[in-house]
Amino acid sequence: MKKNDSDELIIANREIVLQNKEIESRAAELIIANKELLFQNEEKENRAAELVIANKELAFQNEEKENRAAELIIANKELAFQNEEKENRAAELIIANKELAFQNEEKEKRAEELSIANRELKNAQDDIRKLNDELEQKVIERTAQLESVNKELESFSYSVSHDLRAPIRAINGYTKILKEDYAETFDADGVKILQAIISNSKKMGELIDDLLAFSKLGRKQVTVSDIQMTGLVNMVREELLFEDDENIPEFEMGTLPNAKGDKSLIKQVWINLISNAVKYSRNKTQTKIEIGAYTKDNLIVYYVKDYGAGFDMQYYDKLFGVFQRLHSQEEFEGTGIGLAIVQKIVQRHNGTVWAESKVDEGSCFYFSLLA
């Protein structure tokens with residue numbers, strides 16, 4: 001019996017060993033299964049994380065799609081508005097085209113009218129040109145006639161002045177002889193009449209001399225040369241003669257540029273202007289005369305300014321007339337031809353003479369010459 005029990009124990013031990021091996025084998029398989037399970041869980045977690053990322057990406061894409069859709073709605077509205085605007089523009093263009101067509105039609109009418117007006121204007125211009133040609137021819141003929149008449153008048157004035165000088169001087173001379181040699185045979189009225197004859201014949205002689213000088217200007221040939229103007233004016237100043245009781249003027253002379261002209265004639269201009277300035281300033285307590293010049297364009301403008309009696313500018317048109325005087329003989333002596341001589345000389349030099357003045361404040365006379 002004991003042997004059977006031992007065999008059974010051996011068998012049971014073997015069975016237990018076998019079972020233990022089975023258990024160990026199962027345990028090893030469980031370990032492998034657990035590792036596999038862990039790997040699968042890890043894979044699942046990775047898949048889950050990828051799914052989370054994919055879901056987020058999908059949500060972002062959905063949101064982008066919604067934004068795109070909203071933008072497309074706005075773009076469609078804008079497109080619809082633009083289409084409406086285009087239609088409005090198209091309608092306006094149609095109206096504008098109609099207006100343009102109307103305007104073109106009007107322009108064609110205007111062009112036709114202008115063409116007719118231009119033809120009429122051209123005809124009128126041709127008529128005016130013909131009239132101008134005829135007028136110019138008449139002006140040339142009249143100018144020639146006037147020049148001829150002026151020459152005849154100058155010749156007549158020269159001849160009359162020249163011929164009158166001798167008898168006037170004779171009257172003056174014989175009257176002086178009568179007064180000097182036969183004064184005692186005349187009573188007081190007779191002597192007074194003799195003196196009046198002497199004074200008036202002297203005045204007549206001065207008038208004739210001035211008229212003769214004026215007439216000679218039209219006959220004199222202008223000889224152009226360089227004029228040292230400062231030296232010429234100083235020469236005129238030095239030649240001025242003053243009475244003992246006469247107010248000697250204070251001259252203030254600026255720079256005088258040189259000019260081209262007839263020296264003897266321009267000297268006469270300075271003599272007349274400076275003499276006038278002295279004469280019309282003599283009643284002032286102090287006499288100041290300014291002489292100067294300035295350039296303007298291609299001209300040199302000279303001037304003589306005084307602070308004397310002056311004259312009323314409303315009589316300016318008479319200032320340069322022959323025998324025209326703006327002051328009486330009792331106020332200031334003279335023949336009234338000096339400024340006419342100045343004007344004629346300056347005009348013969350293609351220049352201009354003019355004046356500015358105020359009564360009792362003085363005058364300024366200007367004349368221009370080519371630089």
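How far apart do the end C-alpha atoms of residues 97-152 lie, and how much of the span is helix or strand? In this predicted model, the two ends are 77 Å apart, and the span is 100% helix and 0% strand. An unreviewed UniProt entry places the feature "coiled-coil region" at these positions, 97-152.

That span belongs to a chain for which the domain assignment gives domain 1 (48-219) and domain 2 (223-370). Taken over C-alpha atoms, the centres of domain 1 and domain 2 are separated by 33 Å. Domain 1 contributes 10 residues to the contact, and domain 2 contributes 11 residues. Between them, the domains bury about 950 Å², with 73% of this area on carbon and sulfur atoms. On the domain 1 side, the residues that lose the most area to domain 2 are Asp 210, Phe 214 and Leu 217, which together account for 61% of what that side buries. As for charged pairs, the rule finds zero salt bridges across the interface of domain 1 and domain 2.

We can turn next to the sheet. Five strands form an open sheet with mixed pairing, in the order S2-S4-S5-S7-S6. Strand S2 (250-253) and strand S6 (353-358) are the edge strands, each pairing on one side only. On average, neighbouring strands of this sheet are turned by 15° against each other, direction ignored.

Walking across the sheet from S2, the pairing can be followed strand by strand. S2 and S4 run parallel and are joined by four bridges; here Glu 250 stands opposite Lys 288 in S4. The pairing of S4 with S5 is antiparallel, over eight bridges, and Lys 296 stands opposite Leu 299 in S5. The hairpin of S4 and S5 has two residues between the strands, and Asp 297 takes a positive phi near 55° there. Further along, strand S5 (residues 299-306) pairs with strand S7 (residues 362-370) in the antiparallel sense over seven bridges. In this pair, Tyr 302 stands opposite Phe 367 in S7.

Two helices accompany these strands. Helix H3 (residues 229-239) packs on the sheet and touches S2, strand S4 (288-296), S5 and S7. The direction of H3 makes about 175° with that of S2. Helix H4 (residues 263-279) lies across S2, S4, S5 and S7, and runs at about 25° to S5.

Key:
Residues are numbered from 1 along each chain as its sequence is written. This is a predicted model: local features need pLDDT of at least 70, side-chain atom pairs count only at pLDDT 80 or more; totals for chains, interfaces and linings use all residues. Side-chain values use heavy atoms; hydrogens and water are left out. Two strands pair if DSSP finds at least two bridges between them. Axes are lines fitted to C-alpha atoms, for helices over the stretch in contact, and angles run from 0 to 180 degrees between N-to-C directions. Contact means heavy atoms within 4.5 Å. UniProt positions are given in the numbering used here, feature names are shortened, and annotations may be inferred rather than shown by experiment. Domain bounds come from an automatic or database domain assignment. Buried area is the accessible area (1.4 Å probe) that two parts lose on being put together, summed over both. A salt bridge is a side-chain nitrogen of Lys or Arg within 4 Å of a carboxyl oxygen of Asp or Glu.
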